[in-house]
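Student: I would like to learn how to read the surroundings of a bound ligand. Could you take me through one case, beginning with polar contacts?

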Amino acid sequence: MKKVLVVYGTTEGHTRKVATFVAEHLRAQGAVVDLVDSATPAAAAVQPTYGAAVIAGSLHEHLHQRTLVHFVKENIAWLNALPTAVVSVGLSAAMPDAESQAQARNNLEYFLNETGLKPTLAKSVGGALLYTKYDWFKRTMMRMIARQMGKDVDDTRDHEYTDWDELRRFVDDFVRQARLSDGQQ
Ligand SMILES: Cc1cc2nc3c(=O)[nH]c(=O)nc-3n(C[C@H](O)[C@H](O)[C@H](O)COP(=O)(O)O)c2cc1C
């Protein structure tokens with residue numbers, strides 16, 4: 001099994017949970033996985049010693065975390081020489097209508113154009129409303145947005161819209177397409 005880098009950007013913490021899920025699912029299949037937060041010094045210390053990489057970030061006002069964009073740009077040459085998968089986390093991906101789905105796709109496309117990354121696979125996945133982690137302003141704003149989107153407005157607790165089974169299948173597809181179980185590195 002190849003050694004896999006899972007690097008993520010998060011603002012409120014949900015994408016850490018998504019990236020940890022991906023890392024654990026890869027480990028369960030025998031991969032050696034390094035899980036790195038793009039906002040920590042560990043990101044600057046990453047060396048190109050991997051056989052594959054998963055890059056996960058979340059959307060805030062249509063953009064992914066600057067630290068993740070920076071990481072991908074800094075490491076683009078070796079990342080593009082590997083099988084890579086991108087996971088873009090957001091609320092629009094959790095909406096069934098065509099407009100929201102197109103929005104999620106466009107935001108992901110923007111990240112790929114901005115960084116120059118050419119992934120083997122890419123997917124938009126539903127995020128979470130983490131009301132208990134927001135300050136008053138963000139909580140009020142997100143409740144209004146949630147009401148418009150028909151999502152949960154009970155701000156006494158958090159709400160998750162990630163389809164974990166779908167994410168597991170996406171990781172399985174990546175394992176197959178990237179031939180992760182072939183070879184050593
Ligand atoms: C201030 C704010 C802005 C957001 N903007 C978007 C957006 O433009 N598109 C989208 O799909 N989701 C948007 N979301 C939803 C987040 O992507 C979602 O909550 C995600 O789970 C956050 O992941 P994180 O906890 O890893 O930061 C926004 C959330 C917040 C709090």
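Student: Which side chain has an N or O atom 3.0 Å from an oxygen atom of the ligand?

Tutor: A polar contact is a pair of N or O atoms within 3.5 Å. In this predicted model, the side chain of S58 supplies such an atom, 3.0 Å from a ligand oxygen, while a polar side-chain atom of T15 lies 2.6 Å from an oxygen atom of the ligand. The backbone takes part as well, with an N or O atom of A128 placed 2.5 Å from a ligand oxygen.

Student: How much of the accessible area that the ligand has on its own does the protein cover?

Tutor: Of the 640 Å² that the ligand has on its own, the protein covers 93%, and the ligand sits in the largest pocket.

Student: How many residues surround the ligand, and how do they divide by character?

Tutor: Here a residue counts if one of its heavy atoms lies within 4 Å. The ligand is surrounded by 22 residues, with T10, T15, L59, S92 and A128 the closest, and the shell comprises eight nonpolar, 11 polar and three charged residues.

Student: Which helix gives the most to this shell?

Tutor: Helix 6 does, with three residues, whereas helix 1 (14-28) and strand 4 (84-90) each supply at least two. By domain, at least three shell residues come from each of domain 1 (3-127 + 162-177) and domain 2 (130-161).

How values were computed
Residues numbered from 1 in each chain as written. Predicted model: local features only at pLDDT ≥ 70, side-chain atom pairs only at ≥ 80, totals over all residues. Heavy atoms only, no water. Polar contact = N/O pair within 3.5 Å; in protein donor to acceptor, adjacent residues only side chain to side chain. Areas by Shrake-Rupley, 256 points an atom, 1.4 Å probe, with all protein chains shown as cover. 1 Å grid on protein atoms, 1.4 Å probe; cavity = no way out; pocket = protein on both sides within 12 Å on 5 of 7 lines; lining within 4 Å. Sits in = over half its atoms within 2 Å of the grid points. Helix = DSSP H or I, 4+ residues; strand = E, 2+ residues; numbered from the N terminus. Nonpolar A, V, L, I, M, F, W, Y, C, P; charged D, E, K, R; others polar. Domains from an automatic or database assignment.
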